[in-house]
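Here are a few exercises to work through with the viewer open. Try each task before you read its solution.

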Amino acid sequence: MSKILFIIFIFISTLSFSHPHVFIKADVTVCYNETGINKLRMKYTFDKIFSNDLMQMFDKNKNKKFEASEIVQVKAKAFSNLVNFEYFVYVIQDGRKIKHKSVSGFRATINNGVVTYYFNINTNVDIGNSPTEVKIAVYDYSYYINVDVNKGNPKFEDPDDFIYVNKIIKDYKQAYYLKQIYPDCIVLDVYKL
Amino acid sequence: MFKKLLFSIVILNILSLITGFSQSNPLFSDTEVVDTLLNSDSSFVEESTVIDEDVVRISVFGKLIRKNADLQNDIKDRFAQLATDYSSSKSMKIIIMLFFLAFIYGVFHSLGPGHGKIFIFSYILTEKPKVLRAISISYMIATIHAISGLVVALGIIFILNEYTSFSYTSSNSSDIISRISFGIMIIIGLYMTYKAIFKKEHSHEHKSKTDKKQLIPFVLSVGLIPCPGTIIIVTFLASMSLLYIGILSVIFIILGMGITISAIGIISIFSKKLVLKLSSVDSDKYGKIYKLTSLFGAFLLTMFGVLFFIGTF
């Protein structure tokens, strides 16, 4: 009987605790250098209502633009904490996680009441002459924020020395939130010419 | 022995559930966080992390959760668009559509975190309410929950933003009130635990009656947690100078939320009846299971209170 109660509880509690509160549409540009992938240009577009909150908090002069001084505040108070969440970006090469090197170039814009963040994740994914699988998953493991990768991603910058095929999958191997949510994951099969 | 072990496993699962879910917005911090966590060695490869290959591939809940999230986002975006349209056109048709969306939002939003569903479930495990009572409790919770959200929203609009230099919004201001609510929840849960342990167990025929005095603090403790959906809608509309529409929308959010919470309550009642029916052939077993379900419900409420409380820091 306890097993039945347990199953009922898990069923109901799972239903009872579904996040998220904020929604992001993500765009990713994969940038190559001579050794492999050295940068991911990220673009996060927020939902209208959360955008409205960000504007109320940081668009102090209410001109529907983020000036440089306002962007400094956005970065400090509504972006920098993402370091604890790996900026929602997880890079995996042949099953091994690659840590980010640094993050740069943050800016925030307002366009028609929608806030967008732009930033670069500097990384170092070595790609040689043998084919390698590079996965770039984009998600908030706490699922406070729902992150979807837009269709048509990724875009590429300076890929001339590399041969690749790419696709976006729902990656069950990186399931989170009680292993129930499969994140959007860009998969690159790539090698150097 | 087996039951105690299983009970412990259940509690551990609850702990892991809660520690995973009672979190704040990952974007926000009071001060700038320095990127010291980023790797500084030359390889940037975390050798120890190998991605788990043995994850179950079927995720029905995941799909449901994601569908619900997408739907809520869609509703919120439409809501935002309609509010913008109304600002320029002042059309009555748009107001009706806004109220309808508020109702639908109430239904789906309350499938999200909180909103008293787990508590009505715990309560039904502990007590023996009938369907109508479960529905009335559900609507009481929905009403107090939404009005609590409305009060917070009005507090944000008229007090915090008037008298402080920081711009408070629905995203960054309900923590303090949540802490107070979770504190009340702990006290009620402990009381229910005490009742479940020390109350004399009656025979199978002699059903215990719900203590109305106990019901009021229970409903208050659950309902006082401000509804984040209500806060979002009201503060958003207020920011567009449509506060009165925001206040009226709360009525429709309540109607929608009540449906969802009632549904969980009714499912819980029939689930409990089923479990007890299966064990009713043996009165000793019935007594033990009744005691166990009561204790389980009370313990759930206490633990949720404690962990939510911790989670607000």
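The exercises below deal with a predicted model, starting with confidence and moving on to a helix and some strands.

**Exercise 1.** Work out how far to trust chain B, and where to be careful.

*Solution.*
- Start with the complex: the predictor gives it an ipTM of 0.77 and a pTM of 0.71.
- Next, take the chain average: chain B comes out at a pLDDT of 70, and 50% of its residues score at least 70.
- Now go element by element. Strand 1 of chain B (residues 45-50) has the lowest mean pLDDT, 43, while helix 3 of chain B has the highest, 91.
- Then look for low stretches. Over residues 1-22 of chain B, pLDDT stays under 50, and the model has 22 contacts there beyond four places in sequence. Residues 203-208 of chain B also stay under 50, with five such contacts.
- Finally, draw the lesson: where pLDDT is low, the predicted coordinates should not be read in detail.

**Exercise 2.** Describe the make-up of chain B from its secondary structure, burial and contacts.

*Solution.*
- Count the elements: ten helices and one strand.
- Put them in sequence order and you get α-β-α-α-α-α-α-α-α-α-α.
- Check burial: 41% of the 313 residues in chain B count as buried.
- Check contact range: of the contacts in chain B with a separation of 6 or more, 83% are between residues 24 or more positions apart.

**Exercise 3.** Test the length of helix 3 of chain B, then find which residues are buried and which are exposed.

*Solution.*
- Helix 3 of chain B covers residues 92-109, which is 18 residues; at 1.5 Å a residue it should span 26 Å. The C-alpha atoms at its ends are 25 Å apart, which agrees.
- List the buried residues: Leu98(B), Leu101(B), Ala102(B), Tyr105(B), Gly106(B), Phe108(B) and His109(B).
- Look down the axis of helix 3 of chain B: the buried residues fall within an arc of 170°, so they line one face of the helix.
- On the other side, Met92(B), Lys93(B) and Ile96(B) are exposed.

**Exercise 4.** Trace how strand 6 of chain A pairs with strand 2 and strand 5 of chain A.

*Solution.*
- Strand 2 (residues 36-46) of chain A runs antiparallel to strand 6 (residues 114-126) of chain A, and nine bridges join them. Lys39(A) stands opposite Asn122(A).
- Strand 5 (residues 102-111) of chain A is also antiparallel to strand 6 of chain A, joined by eight bridges. Here Ala108(A) has Tyr117(A) as its bridge partner.
- Look at the link: strands 5 and 6 of chain A form a hairpin with two residues between them, and Asn112(A) in the turn has a positive phi of about 55°.

Notes
Residues are numbered from 1 along each chain as its sequence is written. Chains are lettered from A and ligands numbered from 1 in the order in which they are written. This is a predicted model: local features need pLDDT of at least 70, side-chain atom pairs count only at pLDDT 80 or more; totals for chains, interfaces and linings use all residues. Helices (H or I, at least four residues) and strands (E, at least two) are DSSP runs, numbered from the N terminus. The expected span of a helix is 1.5 Å times one less than its number of residues. A residue is buried if 20 or more other C-beta atoms lie within 10 Å of its own, exposed if 12 or fewer, and partly exposed in between; C-beta atoms are placed from the backbone. The arc is that of the directions from the helix axis to the C-beta atoms. Two strands pair if DSSP finds at least two bridges between them. pLDDT is the predictor's confidence in each residue, from 0 to 100. Two residues are in contact if their C-beta atoms, placed from the backbone, lie within 7 Å.
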